[in-house]
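Q: I would like a close look at one part of this predicted model, taken step by step and with the contacts spelled out.

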Amino acid sequence: MKSKRITVISIDVINDEKLSPLERRHLAVARTIAGWFQTPIPIAKLVCAKVVIVEKHLVLDGVYSLGSKSIYLTESVVNRLQPTIETTIHEIAHHITGSEDDTPEHELEIDRVSEEVIKRVEAGEINNLLGDVTW
Ligand SMILES: [Zn+2]
């Protein structure tokens, strides 16, 4: 989540079977990327979810739950590859640092994770998944 403070009312996971084939492919890319950052603590799950927050004026891309060590991406994000990857990187940085938005720790980690992802994508590590998706 790119804004400072949010209060989550509910998180309803949308099962993979209810997603479109395109959304499922985007999730597969996100999960592969999350799989590259499983230390020191594994990411428990990365799923699409309907997330309801108190701050109705905010547009939510995703949330990371420190408690469940899980990443939740919203439907509008999972619908497109670029935001799926960007939000995944953002939430991975929360997972690794435990830091909130707009902190130096989180910002630095976003940069570090992004570099690693770019390196591995350029090396062709997700070519098998990218074959049939559009950036
Ligand atoms: Zn955030």
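Across which strands does H1 lie, and at about what angle does H1 run to S2?

A: In this predicted model, helix H1 lies across S2 and S4, and its direction makes about 110 degrees with that of S2. Helix H3 also packs on the sheet, where H3 touches S3 and S4 and runs at about 25 degrees to S3.

To place these contacts, it helps to set out the sheet itself. The sheet is open and has four strands in the order S1-S2-S4-S3, with mixed pairing. Strand S1 (8-14) and S3 are at the edges with a single partner strand each, so one side of each has no neighbour in the sheet. From one strand to the next, the twist averages 40 degrees.

Going through the pairings in that order, S1 and S2 run antiparallel and are joined by six bridges, with Ile-14 standing opposite Cys-48 of S2. Strand S2 (residues 45-53) then runs parallel to S4, to which four bridges join S2. In this parallel pairing, Cys-48 has Leu-73 of S4 as its bridge partner, while Leu-46 stands opposite Ile-71 in S4. Cys-48 therefore appears in both pairings, facing Ile-14 of S1 and Leu-73 of S4.

The pairing of strand S3 (residues 62-65) with strand S4 (residues 70-73) is antiparallel and extends over four bridges, and here Val-63 stands opposite Tyr-72 of S4. The hairpin that S3 and S4 form has four residues between the strands, and Lys-69 in this hairpin takes a positive phi near 55 degrees.

Returning to the helices, the axes of H1 (residues 21-35) and H3 (residues 81-97) come within 10 Å of each other and cross at roughly 30 degrees. Because angles under 35 degrees count as roughly parallel, that crossing makes H1 roughly parallel to H3. The crossing by which H1 passes H3 is right-handed. On the H1 side the contact is made by His-26, Val-29, Ala-30, Ile-33 and Ala-34, and on the H3 side by Leu-81, Thr-84, Ile-85, Thr-88 and Ile-92. Sorted by class, the residues of this contact between H1 and H3 are seven nonpolar and three polar, with no charged residues.

Put together, H1 lies across S2 and S4, H3 touches S3 and S4, and the two helices meet each other in a right-handed crossing.

How values were computed: Residues numbered from 1 in each chain as written. Predicted model: local features only at pLDDT ≥ 70, side-chain atom pairs only at ≥ 80, totals over all residues. Axes fitted to C-alpha atoms, helices over the stretch in contact; angles between N-to-C directions. Parallel < 35°, antiparallel > 145°, perpendicular 65-115°, else oblique. Left-handed = near helix turned anticlockwise from the far one by under 90°. Contact = placed C-beta atoms within 7 Å. Nonpolar A, V, L, I, M, F, W, Y, C, P; charged D, E, K, R; others polar. Pairing = 2+ DSSP bridges.
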